[in-house]
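Please open the model in your viewer and keep the selection tool at hand. The tour goes from stop to stop, and at each one you will be told what to select and what is there.

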Amino acid sequence: ATVAVIGLGYIGLPTAAILAGKGLHVIGVDVNPYTVEAVNEGRVPFVEPDLGIHVAGAVSQGHLVAQATVPEADAYIVAVPTPFKEDKTADLVYVEQAARNIAPRIKAGNLVILESTSPPGTTKHLAEVILGLRPDLAPDANGGKAAVMFAHCPERVLPGRIMIELVTNDRIIGGLTPAAATTAAALYSTFCQGGIHLTDAATAEMAKLVENAYRDVNIAFANELSVISDNLGIDVWNLIELANHHPRVNILQPGPGVGGHCIAVDPWFIVAADPENAKLIRTARQVNDAKPDYVVAAVEAALAETGATTVAALGLAFKANVDDTRESPAAEIVRRLAAANPSLRILAGTAFANTPLPEELAGLGNISVVSGETAVKEAGVVVLLVDHDAFREITPEQLAGKKIVDTRGFWRN
Ligand code: SAJ
């Protein structure tokens with residue numbers, strides 16, 4: 001069988017590589033020529049443990065190729081971004097574009113799977129766009145029977161552990177029809193060792209959003225505790241560790257805010273679907289979104305106290321040991337510090353060699369990217385933003401005499 005995977009990003013490329021590893025013929029499609037070229041050379045355009053070896057193997061065996069256009073295939077997996085707009089509703093342009101590109105290629109009996117995290121109703125919308133362009137495949141033209149199957153199969157993998165979790169996590173598969181769900185399940189069972197749970201498309205869409213909102217609310221609880229604890233002169237990490245000894249308490253870790261393209265985004269899709277009732281979910285988003293400003297104020301206070309003119313900002317990614325700076329609170333903190341303090345010298349210490357400055361920071365103020373150790377050496381104030389393992393190399397001696405703002409409890413005793 002031939003599977004077309006549309007969107008070779010953090011989800012599409014690992015999924016394509018794993019399917020190809022199972023011997024399926026996989027054609028990856030991406031609008032970015034650099035991505036297409038990299039994949040065809042067996043390279044991966046971003047950092048994800050073990051992905052490189054899978055891609056290189058699948059490409060060299062001829063099971064995986066990448067191209068810019070949508071091919072004919074038996075199954076189409078759509079794994080394109082679903083970002084949110086200024087008004088906090090989902091931007092479905094990439095899903096719609098994928099649908100328009102699939103429409104001329106699709107044949108009766110094919111399967112279309114939406115993997116992108118989406119508001120309830122999006123799989124149905126995707127089907128409507130395709131069938132609108134292909135009335136010959138619509139149920140009316142086929143005696144009321146759907147000629148093409150549509151399902152939603154939300155990804156749930158954790159960046160940094162994608163290659164493991166793709167195989168071991170349970171999957172939820174929601175079909176627009178029961179036949180679509182079982183056909184999609186057959187495809188995913190080629191590589192998924194976890195349980196596969198079948199439902200309808202809208203429930204599957206909502207389940208994914210709810211999982212991430214659950215985590216966001218719990219992180220907001222930890223972040224709120226960190227601010228309250230600062231006010232009360234209590235060490236929040238010690239506090240949480242102690243409370244977590246209770247058999248039914250498991251508080252998450254506070255940090256500089258919540259980033260990534262999922263947890264900081266998906267809860268808004270629930271708020272948009274029912275603004276009146278999504279009170280706790282909205283407030284959690286606001287609590288987490290307020291954390292970067294709180295950190296900026298703490299750094300500015302440290303600068304004022306020490307008279308330092310150089311700050312080491314350790315980490316730009318949205319979380320530890322990945323190089324992804326999308327929706328990153330660390331990058332946002334650096335951006336706000338630079339914007340508000342034009343004469344401040346900011347040394348962004350990174351954990352990965354050759355990390356470029358994210359676009360939104362380039363050309364702004366006085367920021368340069370250096371290694372963590374160099375940043376610390378030259379700065380009077382050190383703000384730890386991301387708990388990358390590489391920063392463990394920084395010794396207490398190197399930190400001696402610096403004013404430290406540790407947003408992750410990285411150096412707590
Ligand atoms: N964070 C904290 N404190 C914590 C845990 C996380 O501040 O105790 C922060 C992180 O630093 C980061 C953000 O939250 O900025 C999100 O990180 P994460 O590791 O919780 O999650 P993601 O965004 O990498 O992946 C999530 C996962 N969802 C859940 O765990 C419910 C993953 O399974 C999903 O597949 C992914 O979102 C997605 O694509 O939706």
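The stops below begin with the whole chain and then turn to strands, loops, single residues and the ligand.

Before you start, note that this is a predicted model, in which local features need pLDDT of at least 70 and side-chain atom pairs count only at pLDDT 80 or more, while totals for chains, interfaces and linings use all residues. Residues are numbered from 1 along each chain as its sequence is written.

**The two domains**

Select residues 2–209 and then residues 290–406, and colour them separately, for the protein chain is divided into domain 1 (2–209) and domain 2 (290–406), with bounds that come from an automatic or database domain assignment. The C-alpha centres of domain 1 and domain 2 lie 37 Å apart. Their contact takes 4 residues from domain 1 and 5 residues from domain 2, where two residues are in contact if their C-beta atoms, placed from the backbone, lie within 7 Å. On the side of domain 1 that touches domain 2 there are 3 nonpolar residues, 1 polar residue and no charged residues; here Ala, Val, Leu, Ile, Met, Phe, Trp, Tyr, Cys and Pro count as nonpolar, Asp, Glu, Lys and Arg as charged, and the others, Gly among them, as polar.

**Strand E4 and its partners**

Next select residues 75–78, which form strand E4; the names of helices (H or I, at least four residues) and strands (E, at least two) stand for DSSP runs, numbered from the N terminus. Are the residues on the two faces of E4 buried or exposed? Ala75 and Ile77 on one side and Tyr76 and Val78 on the other are all buried, a word used when 20 or more other C-beta atoms lie within 10 Å of a residue's own, whereas a residue is exposed with 12 or fewer and partly exposed in between, with C-beta atoms placed from the backbone.

Add residues 2–6 to the selection, since strand E1 and E4 pair in the parallel sense over 4 bridges, and two strands pair if DSSP finds at least two bridges between them. Within this pairing, valine 3 has alanine 75 of E4 as its bridge partner. Then add residues 111–114, which are strand E5, running parallel to E4 and joined to E4 by 4 bridges; there you can find valine 112 of E5 opposite tyrosine 76. If you also show helix H4 (residues 93–102), you have a right-handed β-α-β unit made of E4, H4 and E5, right-handed in the sense that, with the strands pointing away from the viewer, the path from the first strand over the helix to the second runs clockwise.

**Loops and a helix residue**

Follow the chain from E4 towards H4 and select aspartate 87, which is found in the loop between them. Why does aspartate 87 count as exposed? Aspartate 87 is exposed because it has 8 C-beta neighbours inside 10 Å.

Now select threonine 35, which lies in helix H2 and is buried, because 23 other C-beta atoms are within 10 Å. Leaving aside neighbours within four places in sequence, threonine 35 is in contact with Leu8, Asp30 and Pro45. Further along, aspartate 50 lies in the loop between helix H2 (33–40) and helix H3 (51–60), and its phi is near 70°, a positive value in a residue other than glycine.

**Strand E9 in the second domain**

Move on to residues 310–314, strand E9, which is mostly covered, with 4 of its 5 residues buried. Strand E10 (residues 345–350) runs parallel to E9 and is joined to E9 by 5 bridges, and valine 311 stands opposite isoleucine 346 in E10. Strand E12 (residues 381–384) pairs with E9 in the parallel sense over 4 bridges, with leucine 314 opposite leucine 384. Together, E9, H12 and E10 make a right-handed β-α-β unit.

**The ligand**

Finally, select the ligand and the 20 residues that surround it, of which the closest are Leu252, Gln253, Gly255, Gly260 and Cys262; a residue counts as near a molecule if its C-beta atom, placed from the backbone, lies within 6 Å of it. By class, this shell around the ligand has 9 nonpolar, 6 polar and 5 charged residues.
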